[in-house]
Amino acid sequence: MTKKIAVLPGDGIGPEIVAQAVKVLQAMPELNLEMEEAAIGGAGYDTAGDPLPEATLKLAREADAVLLGAVGGPQYDKLDRPLRPERGLLRIRKELNLFANLRPALLYPELADSSSLKPEVVSGLDIMIVRELTGDVYFGQPRGIEVRNGERVGFNTMIYSESEVRRVARVAFDIAMKRGKKLCSVEKANVLECSELWKEVVIEVSKGYPEVELSHMYVDNAAMQLVKWPKQFDVIVTGNIFGDILSDQASMLSGSIGMLPSASLDENNKGMYEPIHGSAPDIAGKNVANPLATILSAAMMLRYTFGDEANAQRIEQAVRKVLADGVRTADIYTAGTKKVSCSEMGDAVVAALK
Ligand code: NAD
Ligand code: IPM
Ligand code: MN
């Protein structure tokens, strides 16, 4: 049966990197994928006056999975907040109820020299960060900028309900059960009530997973431990804002932010798949971006939404082979390897599928 993929390239390097992932998927006709493109972010604003046009949301709802590039750009930063590209991305996550964001930080052995950390610190690294994606200070009300006592104040609300914590904690425990059975919950319960409740609920959920070794860490310490000795972690579960920050940090353990894919899932494993990085306006349009995070996101799509582990691994093996052959985009280039463009990297992965 044909599976329908909504392809949302977005802004900046989005179209360049998504084109490579689409090329890889098209090289596997046995997947029976039907792909349809639509605008999101700044592209949505430019074409329909809305960073999440009605037609795009409809396409995404009807599709079996969504493949997204990135949104945003300096030309949109002065727009009213509801019209900004980033709001389109937050809205599609919320509308599709994609509360569980899986961000695997994995070091391909060939890239040990590309990481800014010592090879012995990062070699063999394999961490799964489970980031809650539809709650927290990202969506909490009230929020705004207003005048109080004669000066402007900006405010947001950090808030989690126990049901929101429980469902993402379950996802994280389930993943830990399939991996090293170690889960670290990251929060700031020494200061924030919101985190205090988070921790309590995670402990409640842990009763259903006696085999998983649960630990708790404050986010400031977690940031330090991630660069000190990242291999102490197996699965990390954390809230939206902490997960946003820690996953960018963890990406450098895997060599480059251009290497880290993600899956954003609802209760039924319907998902949106996107690299964790942004639209990289500084390199957009130059055909130099690393498309591997997006290609690896397509592999996650096969694994999590379509339950097709074999073909997910086929893409991941192709990426491994390309890296073993010394093919590198600029961000992961080291002396003695071969520097290629974004589209050449896509071609190399397609060739390695064979
Ligand atoms: P960014 O991730 O776009 O870029 C940070 C740095 O990493 C830049 O130097 C960039 O060139 C580099 N980089 C990122 N992806 C790369 C890749 N695939 N290959 C090589 N280098 C890469 O973050 P930023 O500069 O803070 O944000 C730029 C814009 O992107 C902003 O408008 C921001 O809101 C948006 N953004 C969007 C998403 C998303 O769509 N999911 C995520 C983060 C940021
Ligand atoms: C990410 C991005 C987004 C986030 C922005 C662009 C809204 O940084 O996907 O990590 O903060 O979630
Ligand atoms: Mn981010």
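Is Lys199 buried, partly exposed or exposed? The legends below, which describe a predicted model, take up this residue after an overview of the chain.

**Figure 1. Overall fold of the predicted chain.** The chain holds 12 helices and 14 strands, and its C-alpha atoms fill a box of roughly 60 × 50 × 45 Å when the box is taken along the principal axes. For 354 residues a compact globule would be expected to have a radius of gyration near 20 Å, and the chain, with 20 Å, agrees with that expectation. Buried residues account for 55% of the 354 residues, while the accessible surface of the chain comes to about 15,100 Å², with 51% of this area belonging to carbon and sulfur atoms. Among contacts between residues at least 6 apart in sequence, 75% join residues that are at least 24 apart. The chain carries 40 positive and 48 negative charges, and the mean positions of these two sets are 2 Å apart.

**Figure 2. The two assigned domains and the contacts between them.** The domain assignment gives domain 1 as residues 1-99 together with 269-354, and domain 2 as residues 100-265, so that domain 1 is made of two stretches of sequence in this assignment. The C-alpha centres of domain 1 and domain 2 lie 22 Å apart, and across the boundary 32 residues of domain 1 are in contact with 37 residues of domain 2.

**Figure 3. Surroundings of Lys199 in helix α7.** Lys199 lies in helix α7, which covers residues 193-206, and, in reply to the opening question, Lys199 is partly exposed, because its relative accessible area of 26% falls between the limits of 20% and 50%. When residues up to four places away in sequence are not counted, Lys199 touches Glu187, Ala189 and His216. Val165 is 34 residues away from Lys199 along the chain, and the C-alpha atoms of this pair are separated by 8.9 Å.

**Figure 4. Surroundings of Asn287 in the loop between β12 and α10.** Asn287 lies in the loop that runs between β12 and α10 (292-304), and with a relative accessibility of 30% this residue counts as partly exposed. Leaving aside residues up to four places away in sequence, Asn287 touches Glu16, Ser341, Cys342 and Ser343. Asn287 and Ile13 are 274 residues apart in sequence, yet their C-alpha atoms are 8.1 Å apart in space.

**Figure 5. The cis peptide bond between Gln141 and Pro142.** Most residues other than glycine have a negative phi, and most peptide bonds are trans. The bond that joins Gln141 and Pro142 is cis, with omega at about 0°, and Pro142 is found in the loop between β5 (126-132) and β6 (144-148).

**Figure 6. Asn32 and Asn269, two loop residues with positive phi.** Asn32 has a phi near 60°, a positive value in a residue other than glycine, and is found in the loop between α1 (14-26) and β2 (33-37). With a relative accessible area of 39%, Asn32 is partly exposed. Asn269 likewise has a positive phi, in this case near 65°, and is found in the loop between β11 (263-265) and β12 (271-273), where a relative accessible area of 36% makes Asn269 partly exposed.

Notes: Residues numbered from 1 in each chain as written. Chains lettered and ligands numbered in written order. Predicted model: local features only at pLDDT ≥ 70, side-chain atom pairs only at ≥ 80, totals over all residues. Heavy atoms only, no water. Helix = DSSP H or I, 4+ residues; strand = E, 2+ residues; numbered from the N terminus. Rg over C-alpha atoms; globule rule 2.2 N^0.38 Å. Buried < 20%, exposed > 50% of the residue type's maximum accessible area, 1.4 Å probe, protein only. Contact = heavy atoms within 4.5 Å. Areas by Shrake-Rupley, 256 points an atom, 1.4 Å probe, with all protein chains shown as cover. Lys, Arg positive; Asp, Glu negative; His and termini not counted. Charge placed at Lys NZ, Arg CZ, Asp CG, Glu CD. Domains from an automatic or database assignment.
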